[in-house]
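Me: I am new to this structure and would like a close look at a single part of it. Please take the ligand and its surroundings.

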Amino acid sequence: MHRFKYKKGGLHCEGVGLERIAQKVGTPFYCYSLESVREHYRRLRDAFKGIDCQICYSVKSNSNLTLMRQLVRMGAGLDIVSGGELYKGLKVGASPETIVYSSVGKTEAEIRAASSAGILMFNVESEEELEAINRVACHLGKVQPVALRVNPDVKASTHHYITTGTKENKFGISMDDAFRMFVESYRYPFLKFIGVHTHIGSQITEARPFVQTIRKISEFVTRLRRAGMFLEYFNIGGGLGIVYSKEKPQTAHAFAAAVRPLLQKMKLKVILEPGRFISGNSGILVTEVLYWKEARHKTFCIVDAGMNDLARPSIYGAHHEILPVRQRGSSGPAATHVDVVGPICESGDFLAKDRKLVRMRSGEFLAVMSCGAYGFTMASNYNSRPRIPEVVVRGQRFWVARRRETPEDLIRGEEILDV
Ligand SMILES: *Cc1c(COP(=O)(O)O)cnc(C)c1O
C-alpha cells in the first residue's frame with residue numbers, strides 16, 4: 001500500500017505532483033509520504049491489539065529525522081544499531097526506555113552512551129560483548145538489562161545477504177550456547193537478563209519462518225523456566241516483506257493472526273523491530289533522464305541518479321519498479337531490454353535492468369519505486385557526488401526535510417596537506 005498515484009497523467013505523492021517538487025528542488029531526490037509511514041505503523045500496531053507489544057522501528061531502514069519523529073509521536077520505540085542512531089533517536093525525542101540496541105560489534109563508547117541514556121535493553125550477540133557491557137555497567141554503577149540474540153537456525157527464503165537466522169551466519173548465539181549463558185547469568189553481577197531476541201532475515205513474505213522461530217523460542221523459554229530462569233520479553237525482530245514487484249507478502253493482520261496463539265502461550269511481553277515494512281513503500285526516488293542511448297542489443301536510459309544514491313540494485317540485485325512521472329498516451333511502442341543506469345564509473349551502476357520502457361526524452365523524470373527503506377540510508381558520496389535531498393509530503397504540502405549537499409559538504413572536515 002502506498003500513496004504514489006497518477007492524477008491527470010502525472011505521478012503524485014499524496015496530493016503533491018512530483019513534477020512540481022522536481023521543479024522546486026531539482027533532481028534527483030527522495031520523496032516520502034508521511035501518511036504511508038503512519039498507515040504502515042498503524043496497521044502493525046492494530047494487528048497486535050490485545051498483545052502486550054512494543055513496536056521498535058528499525059532506524060537503519062530510514063533514519064530521516066522527520067519520519068522518525070512522526071513514528072515516535074505515534075508511540076513507536078526504536079531499534080538502533082549504532083551510537084549514531086542513538087544520537088538521532090534521542091534528538092527526535094524518543095524515550096530511552098523504548099529503545100533496543102542490536103549489533104554484533106558495539107564499541108565500548110557506544111555501550112557507555114546507550115547505557116547512560118537508560119535504554120530498555122541491549123540485544124547481545126556474544127559472550128565477550130556480555131563482559132564488555134557488564135564492565136561498563138559496573139563503571140556506571142548500575143544494573144543493565146540485556147537480551148540474548150539467539151540464532152534459531154531457521155531458513156527464511158530471502159536474499160543470502162539479508163538472511164541472518166541460520167547457523168553459518170555471523171549474527172546471534174546458538175541455542176545451546178545461549179542456554180548456558182542464561183543459566184550462568186550470575187557471572188555478570190551488573191547485568192539483568194530480561195529477554196530473548198531473534199531476527200531471522202529481511203524481506204520475508206510468509207509467516208512460516210516466523211512461526212517456526214517462535215515455536216523454537218517457546219520451547220527454549222520453557223526449558224529456561226525449568227532451570228529457574230524467568231524472562232520478561234521476547235523480541236521477534238523485523239524482516240516483514242513488502243511488495244517490490246510481484247511479491248504477495250503476508251499482511252500485518254495475517255502475520256499477527258499466525259503468531260498470536262503462540263505468543264499468548266508464551267506469556268512474555270513482545271517486541272517487534274519492523275524497518276522495511278514501515279518505510280519501504282513510503283518512499284521513492286525521482287531522477288531526471290539525461291540521455292537515451294541505443295546500442296546493438298540494448299538500450300540505455302541514462303539518468304542523473306546512480307548507485308551512490310540507491311545502492312540496492314547494485315549490491316543486492318534488488319528490483320525496483322520504474323515509472324515515468326508523466327504518463328504518455330500513444331507515443332509508440334515501448335522499448336524492451338532497457339537498462340536504467342546512472343553516471344557512475346562502474347558497470348555495476350544500474351537502477352534497473354532489461355525493462356520495458358517508453359522512449360524517454362532528455363529532461364523527463366522517472367520514479368524509482370519502493371525505496372523508502374535502505375535507500376537514502378545507504379547513500380554515499382562516491383564519485384564526489386553530493387547526497388541528494390529528502391522531501392517529505394503530507395497531504396497537499398511538501399517540505400525539504402534534508403537539503404541537498406553542496407560541494408562544501410563534500411570537503412568538510414578535510415585538510416589540504418602540502419606535506
Ligand atoms: C535490520 C534489522 C531489522 C529491520 O529489518 P527489516 O527487514 O527492515 O524489517 C530489525 N532488527 C534487526 C536486529 C536488524 O538488524
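Reply: An oxygen atom of the ligand lies 2.8 Å from a polar backbone atom of arginine 276. Taken alone the ligand exposes 390 Å², and the protein buries 94% of that; accessible areas come from the Shrake-Rupley method with a 1.4 Å probe, and for residues only the protein chains shown count as cover. This is a predicted model, in which local features need pLDDT of at least 70 and side-chain atom pairs count only at pLDDT 80 or more, while totals for chains, interfaces and linings use all residues. Residues are numbered from 1 along each chain as its sequence is written, and side-chain values use heavy atoms, with hydrogens and water left out.

The backbone of glycine 239 also takes part: one of its polar atoms is 2.8 Å from an oxygen atom of the ligand. With lysine 60 the partner is an N or O atom in the side chain, 2.7 Å from a ligand oxygen atom.

Around the ligand there are 15 residues, the closest being Lys60, Ser202, Glu273, Arg276 and Tyr374 (a residue is near if one of its heavy atoms lies within 4 Å). This shell has 2 nonpolar, 8 polar and 5 charged residues. In this scheme Ala, Val, Leu, Ile, Met, Phe, Trp, Tyr, Cys and Pro are nonpolar, Asp, Glu, Lys and Arg are charged, and the others, Gly among them, are polar.

Glu273 is among the closest residues to the ligand, and Glu273 also lines the largest cavity, as does Gly239. The lining of that cavity divides into 7 nonpolar, 3 polar and 1 charged.

Conventions:
1 Å grid on protein atoms, 1.4 Å probe; cavity = no way out; pocket = protein on both sides within 12 Å on 5 of 7 lines; lining within 4 Å. Polar contact = N/O pair within 3.5 Å; in protein donor to acceptor, adjacent residues only side chain to side chain.
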